[in-house]
Amino acid sequence: MTVEEKQKKLDHRYLRMSKIWAENSYCKRRQVGALVVKDKTIISDGYNGTPSGFDNICEDEANATFPYVLHAEANAITKLARSNNNSDGSTLYVTASPCIECAKLIIQAGIRRVVYGEKYRLEDGIDLLRKAGIEVIYMKQDNNYGAEEK
């Protein structure tokens, strides 16, 4: 097995794990999970939800997401700030493509690769990551937590 094939298998595996991690989210509209991996070790994780100390309610009565809800990527990256881990050169696995705000955090955190499993209607975050020289890989997920590379 080549190095590329081994990496592809790892990418599939960690992306499946981020999908399972998304199940921790209390958000009803969309559950998103993220893992930051460095040297084959998960150094941080996150899912979308409210900040610490807030009720675990993400949407209002009209099903609109509250503006203070954190994205999975932001949760994973800010967790790193409270740890002894360093994300330079790491890979972010996230179930949905990053928005522009999360893309800025990814760039500043020194993450070098992003693997995601679901496209979002806006691609400005992906465009910014590529402009910054970050490797971006889309792997479409199936309903059985599998992924196929696209």
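## Contacts of Val94

In this predicted model, Val94 touches Leu15, Ser18, Val32, Gly33, Ala34, Glu73, Val114, Val115, Tyr116 and Gly117, leaving aside residues up to four places away in sequence.

## Two nonpolar cores

Val94 is also one of the residues with the most contacts inside the largest nonpolar core, together with Leu92, Ile106, Ile111, Val114 and Leu129. This core has 22 residues. Several elements give two or more residues to it: the helices α2 (72-81), α3 (100-108) and α4 (124-131), and the strands β1 (33-38), β3 (91-94), β4 (113-116) and β5 (135-141). The largest share, 4 residues, comes from α2.

Apart from this core lies another one, of 9 residues. Among its members are Leu10, Tyr93, Ile137 and Met139.

## Helix α1

Helix α1 covers residues 3-22, which makes 20 residues. From its first C-alpha to its last, α1 reaches 29 Å, close to the 28 Å expected at 1.5 Å a residue.

Which residues of α1 are buried? They are Leu10, Asp11, His12, Tyr14, Leu15, Ser18 and Ala22. An α-helix has 3.6 residues a turn, so residues three or four places apart point the same way. Two of the buried residues, Leu15 and Ser18, appear again among the contacts of Val94, and Leu10 belongs to the core of 9 residues.

## The disulfide

A search of the whole structure finds 1 disulfide. Cys27 and Cys58 form it, with their sulfur atoms 2.3 Å apart. The angle about the S-S bond is -70 degrees, and the link is left-handed. The pair joins distant parts of the chain, 31 residues apart: Cys27 sits in the loop between α1 and β1, and Cys58 in the loop between β2 (41-47) and α2.

Are these two cysteines buried or exposed? Cys27 is buried, with a relative accessible area of 4%. Cys58 is buried as well, at 1%.

## Cysteines without a bond

Cys99 is in no disulfide. The nearest cysteine sulfur to that of Cys99 belongs to Cys102 and is 3.8 Å away.

Why is there no bond between Cys102 and Cys99? A disulfide needs sulfur atoms within 2.5 Å. The closest cysteine sulfur to that of Cys102 is in Cys99, at 3.8 Å, and is therefore too far for a bond. Cys102 is itself buried, with a relative accessible area of 3%.

Note on methods: Residues are numbered from 1 along each chain as its sequence is written. This is a predicted model: local features need pLDDT of at least 70, side-chain atom pairs count only at pLDDT 80 or more; totals for chains, interfaces and linings use all residues. Side-chain values use heavy atoms; hydrogens and water are left out. The expected span of a helix is 1.5 Å times one less than its number of residues. Buried means under 20% relative accessible area, exposed over 50%, partly exposed in between (1.4 Å probe, protein chains only). A nonpolar core is a set of buried Ala, Val, Leu, Ile, Met, Phe, Trp, Tyr and Cys residues joined through side-chain atoms within 4.5 Å. Contact means heavy atoms within 4.5 Å.
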